[in-house]
Every structure is written in structure tokens, then in C-alpha cells.
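Student: Got a minute to go through the charged side chains in this one? Pull it up and I'll ask as we go.

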Amino acid sequence: MSDVGRHRSNNEDCFGYDLNARLFVVCDGMGGMAGGALASSLAVERVLDTYGALIPSPMQPEDRLHAAIAAANDIVWSTADETPTLKGMGTTLVAACIEDRRIVIGNVGDSRGYFLRAGCCMQITEDHSLRAEEIRRQRDTGEPANLALAPEFITRAIGAGPEVRPDYFAAELQTGDSILLATDGLTRYVDEQQIRHAIESSDAAQEVCNGLIGIAHTAGAADNVTCLLIRIH
Ligand SMILES: [Mn+2]
């Protein structure tokens, strides 16, 4: 589900999925004019199309996903490059693909993937933001972190340049696992405990997503809010 929130007039988030291909995508667009909404919808469409077209090939799912994300970057970057009013548009992306019992999650930017198993919820992706990178640097070096850095400053995005560098995470799935893909319009307001609570509150995915969007609304919903819940039956 995707919701415009309480302060924005348009929704620049976009999501899509293909149940036959077992591919799920969430994007959060940015850039003036119509750029943000165009970037996120172009990226979702291109990832779904490219991944689907590569299904018959003997590629590993992560290679197929990487080809799809690279194709999304190409279309957003080239469209922005050719159109003066769209210069600077881009989008985050978090995508999950499933083949047999294996899941691969890829991300660019600060949209997140969470994994829930046996009552434990864990953020899988690492944000590509100045603030998150500063916190990781502190963790790795022990040096003090500058936490004044704005969390919304994204360090990687689809369409920001001719090349894109996603991160990938893979796991073997078990029956009962849940995966949540979400934009920062949700994740800035909820921690892993609240996400676990919401996912366990109902068997109906739509009800869970409704509940999560409700939490964001209660907290102010300053941004567009998108969440996509995948359950493994
Ligand atoms: Mn956002």
C-alpha cells in the first residue's frame, strides 16, 4: 500500500510486483517538478520488465536482479540527462526476488527491507545516507560520529549517475517468514519491535500495511508512506 501522507500534495513513492516472477519493488522518487514521481515509476516498471524478460535464462536470481536494477538506472539517468526540467531526478529502490526457497534483496538509497522470522524482526538493508554512513564509520573505527548530518541526505540513488552500486543480501526462506519493504516515510516512525507487532497483528497483509500507515499518520506522516508485505506460506 502507498499513502500520500499528511503534508505532501503528491505521492512520489511507487511500488510494484509480479507474483509469477516472484519479484517485489518499492521506490521513493526525488527531484523537482514531476521528476520524483516519474523516476520512481520508471524504475519500478523497468525492474519488473527486465527481470521478467530474464526469467527463462539460467542466470542466478541476484544476477537477474542486478541486470534489472542496472536497466532501471539506465532509463532514469538517460531520461533525466535528455530533459532539462527533469535534471537531478532519481529514486531509491528496494527489491526482493524469490527463487525456489532463496530470497535476494537489493537496495539503493534509504528505502529498507526488514525480515521477520520466529518473532524476531531485523532490518536487512543498510541505508545509503550520509547519517547512516557516518554511524557505520563510527562503528568500524570507534571515532566519534557527526550525528547532526541530515538523515534525508541520500548518498546513492537510481538515476544519480551512469552507474549504480546496489547492495545485495540473500537468505534461505522458511515457511512463516515475512519480508517488509518500506520507504522512509514509514521507517522514520517505526522501530523493529513495532514492525514485528504490526506484522503479527493480522494474517491479512493489507490490514498489516494499513496498520503501519496508521502509525505513520499518528506520528505526523510528513512524507509519502509505502509498505509492501511478503508472507511465505
Ligand atoms: Mn520518502
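Tutor: We'll take the salt bridges, then one arginine. Keep in mind that this is a predicted model.

Student: OK. How many salt bridges does the structure hold?

Tutor: There are 14.

Student: Why would side chains pair like that at all?

Tutor: Opposite charges can pair when the charged atoms come close.

Student: Give me one. What does Glu126 form a salt bridge with?

Tutor: With Arg139. The closest N and O atoms are 3.9 Å apart. The pair links distant parts of the chain, 13 residues apart. Glu126 sits in the loop between β7 (120–123) and α3 (130–141), while Arg139 is in helix α3.

Student: And is Arg139 buried or exposed?

Tutor: Exposed, because its relative accessible area is 56%, and the cut-off for exposed is over 50%. Glu126 has 30%, so it counts as partly exposed.

Student: Next pair. Which side chain meets Glu143 in a salt bridge?

Tutor: Arg137, at 2.6 Å from N to O. Glu143 is partly exposed, at 41% relative accessibility. Arg137 is partly exposed too, at 31%.

Student: What about Arg156? Where is its salt-bridge partner, Asp167?

Tutor: Asp167 is in strand β8 (167–172). Arg156 is in the loop between α3 and β8, and 11 residues separate the two. Their N to O distance is 3.3 Å.

Student: Are those two buried or exposed?

Tutor: Buried, both Arg156 and Asp167.

Student: Which residues do shared salt-bridge partners join into one network?

Tutor: Arg8, Asp184, Arg188 and Asp223.

Student: Switching topic. Where does Arg64 lie?

Tutor: In helix α2, which covers residues 61–82.

Student: Why does Arg64 count as buried?

Tutor: Because its relative accessibility is 2%, and buried means under 20%.

Student: So what does the side chain of Arg64 reach?

Tutor: One target is the backbone oxygen of Ser57, at 3.4 Å. Also, the backbone oxygen of Leu54 is 3.2 Å from a polar atom of the Arg64 side chain.

Student: Beyond neighbours within four places in sequence, what is Arg64 in contact with?

Tutor: Tyr51, Leu54, Ile55, Ser57, Met59 and Glu99. Leu54 and Ser57 in that list are the residues whose backbone oxygens I just mentioned.

Definitions and conventions:
Residues are numbered from 1 along each chain as its sequence is written. This is a predicted model: local features need pLDDT of at least 70, side-chain atom pairs count only at pLDDT 80 or more; totals for chains, interfaces and linings use all residues. Side-chain values use heavy atoms; hydrogens and water are left out. A salt bridge is a side-chain nitrogen of Lys or Arg within 4 Å of a carboxyl oxygen of Asp or Glu. Helices (H or I, at least four residues) and strands (E, at least two) are DSSP runs, numbered from the N terminus. Buried means under 20% relative accessible area, exposed over 50%, partly exposed in between (1.4 Å probe, protein chains only). A polar contact is a pair of N or O atoms within 3.5 Å; within protein, one must be able to donate a hydrogen and the other to accept it, and residues adjacent in sequence count only if both atoms are side-chain atoms. Contact means heavy atoms within 4.5 Å.
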